[in-house]
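Dear colleague,

I am passing on the structure we talked about, and below it you will find a short account of what came out of the analysis. Please read the text with the structure open beside it.

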Amino acid sequence: MTMETAAAGVAGGGADVTDVADVAIVGGGPAGLAAALELRRRGVPRVVVLEREAQAGGIPRHTHHSGFGLRDLHRLLSGPAYAARYVEKARAAGVELRTSTSVTGWSGAREIELTSPGGRTRLQAAAIILATGCRERPRAARLIPGARPLGVLTTGALQQLVYLEGQRIGARAVIVGAEHVSFSAVATLAHGGARTIALVTDDVTHQSVAPLVWATAGWRRVPLVPHSAVTRIIGGRRVEAVEVTDLRSGRVRRIDCDTVVFTGDWIPDHELARAAGLIMDATRGPRVDLALATSADGVFAAGNLVHAAEAADVAALSGRHAARAAHAFLQERRGGSAEPALAIECRPPLRWISPGVLGGGTLPPRGRFVLRVDERVWRGALEVSQGLRCVWREPPRALLPGRSVRLEAAWVASIDPYGPAPVVRVAGA
Amino acid sequence: MSTGRPYDVAVIGAGVVGAAIARDLARTNATTLLLEAGSDVGAGTSKANTAILHTGYDAKPGTLEARLVRRGYDLLARHAPEAGIPVERLGAVLVAWDEEQVAALPAIAEAARRNGYDAVRPLTAAELYAREPHLGTGALAALAIPDESIICPFTTPLAFATDAVVNGATLELEAPLLAVAADDDPDLHVLTTPRGVFRARWVVNAAGLYADAIDRLFGHDGFTVTPRRGELLVFDKLARPLVRHIVLPVPTRTTKGVLVSPTVFGNVMVGPTAEDVPDKTAAESTGAGLRGLLARARRLVPGLAAEEVTAVYVGLRAATEHGDYQIRLDPARRYVCVGGIRSTGLTASMAIAEYVCAGMRDAGLALVPRDDTRSVRMPNLGEAFPRPYQCADLIAREPDYGAIVCHCERVTRREILDAAAATIPARSLDGLRRRTRATLGRCQGFFCVAAVARLLADASGRSMGELLALDDDAAGR
């Protein structure tokens, strides 16, 4: 018998060693590292961060524009500088940072299975914080038909090819999406030598902010193609063109290009959360209460795993919030709150609200709830009611799909924990 | 101009059938050449199919296909574990959703018996739902077909071709057959390809979609291949607990219909569509096809509505105007045509090889089995068997088997290096995917494609730019 590789025909198993920690944090991006720092600041002795990549820091490692660190570090940094700063701080604070270490499963309620070049081990922790982040939906998940040529990317892959590997990316690119990250992709493509020839969105216009749009697409005169969708990819070895369909008229036109970037449409990277059997929420992340406690005792979730996608500093603040709750859990040895978990319902066009259940205190991260709308509302007032009683109403404003809609949390104190589920709706919708 | 020593047999086409034939030949005293038009083994029709190891219960009794599928099942089910080809014997349930379909079940069970397969059993609706609790409501009755299995469509042709090469066969990639001529020696064919001119005593045409064109080069005109496009949706691995068996519909006169099945990679697959297309390169998915499959998937297994689609595959089956395989031997010209091998080809491949070799032997080709052959064991890609990242002892010996690079599919750094250094090495990202699963998962490269391409580039001596623009799927025919 000739073994084609050293791994051919191997048997599973082998020695598993079990290690212990006070808190194990899965994911060494902004949320995970900020959580670790907060726990160390509060004197928790053994805080272990498990990062599957060779370098910790998460997505900011390959996001080269500025604008990082405003809300958490109170300074403006580029993505890589921000990531490096968190790694440095974590090491200085005595966080045990294990890179190239994948959490490949659960072996107990608060015990995880680790795989690394160092071997297979288990880690038992008094509390666990999941901070596994999010990813963009790729082309297949969006069911975009056509050929399967090279040159079809997500922004994440694009950034890594351009900034980590120094690759040149084609000449003419079409971007699918018109949210913040889509405009960041315009700049990344330009850095990689490609001109963006269209941003295609099904909305009536973009969902970003004027300064970012101007700094990326505006001065480059990149046309925005509204109420349209890419409905076919054409190509052989490499992308040759896309077909773009106008969703109002049904008219189809062809745009020649060699690159297509699918941006945004984020989904939490929730495999580990689901493997634990956690109750999931409409955000597609684990359902959490105001303390970011999941449905499993002593297991917390933070950052873009909870709802995707926020900026890195917002994810970091969510990490701090979860760390405070995990610390309290370590001291009290009890999970959640004594009150029943009261789910918050939301009505269309609201898709979800996060946190999705009350309990665990009175304030969510940053003192606000985050919601998503499925379609653009030019002027809508968010309204919270319990039964027939209206408990909160915000001034009307524009609600944009693909963007976080915030809702102040002051109303939480006036909710009857034994009453019916509070309902959030857009007044007038 | 003819170059080099003549081969005893040249096999045209390194799909699963051609590779199986080359493997059998390489295990004899015959010298064997395997010519492939594309840039990799198993990269045409073989790579995008329903990946089912069929018992042949539903074949048309008395056909060559029925016989070879039955025999092929036994051969491949026995060979797979030795060769490291993942197979899971999940069994199938064939579900009747209306009274007309219920009435069709006894005839299906009877046809299975006539095909020599006796294990088909009727199931009541209650028994069916006990076996498939997540199935949509409304099923009235079913048949259990306990031996239907799932198999890895990527490893199977690679295992055959690797075995052939290890035992002395010559593999030439990117070598489409351009012309056939007679040599000065009347016993030899002269085969012209862009990779050179080769001479061979016998030629086996296993060219799949192009078998009719090759057949005409040899002066025959027995059939025309009309590609039948099949689109497949692959759901996230998190959907795997929703489906336990291969869930089959009652076939109609025109189609076997859309099935739902787990895959050996731990996903759930729905498909295929069936649409005759004029173009042998029309491996494009369609909006109508994908929407139709999604709707069907959600009806059959409502829980799939909450799961993400991970990938879309499109395959072209080599359908002909005939209802059976088109395997014909022309002893005078020392030529065998292996055409019209439809979706059952993966199952039947080893039996087709056995049948073709026996035919050539009867026609006077001396094929003497060697006693110094080597068997090959491929690295495992299946979820039902240990993957390298799960093997502590292996990681202790080779730490890079613990360095996961593709996180969704849990492919390690060392597996990527192995694929670049394999007997038939990965030459492209697609080739790497079929050897390791790298980037095939739910993120489709969001997290890892740069790192994976860098590893393959460094290990294979190619530039990243070349790898990212090299596409053997679309250009390789």
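In which sense do E20(A) and strand E21 of chain A pair, and over how many bridges? The two strands, the second of which covers residues 368-373, run antiparallel to each other and are joined over four bridges. Please bear in mind throughout that this is a predicted model. Within this pairing, Leu350(A) is found opposite Val373(A), a residue of E21(A).

The pair belongs to an open sheet of three strands in chain A, whose order is E20-E21-E25 and whose pairing is antiparallel. Strand E20 (350-354) and strand E25 (405-408) of chain A are the edge strands, each of them pairing on one side only. From one strand to the next, the twist averages 30°.

Turning to the contact between the chains, 61 residues of chain B are in contact with 55 residues of chain A. On the side of chain B that touches chain A, helix H9 of chain B (residues 392-397) supplies the largest share, which amounts to five residues. By residue type, that side of chain B consists of 34 nonpolar, 14 polar and 13 charged residues.

There is also strand pairing between the chains: strand E1 of chain A (residues 2-3) and strand E21 of chain B (residues 376-377) pair in the parallel sense, over two bridges. Here Met3(A) stands opposite Arg377(B), which lies in E21(B).

With best regards

How values were computed: Residues are numbered from 1 along each chain as its sequence is written. Chains are lettered from A and ligands numbered from 1 in the order in which they are written. This is a predicted model: local features need pLDDT of at least 70, side-chain atom pairs count only at pLDDT 80 or more; totals for chains, interfaces and linings use all residues. Two strands pair if DSSP finds at least two bridges between them. Axes are lines fitted to C-alpha atoms, for helices over the stretch in contact, and angles run from 0 to 180 degrees between N-to-C directions. Two residues are in contact if their C-beta atoms, placed from the backbone, lie within 7 Å. Ala, Val, Leu, Ile, Met, Phe, Trp, Tyr, Cys and Pro count as nonpolar, Asp, Glu, Lys and Arg as charged, and the others, Gly among them, as polar.
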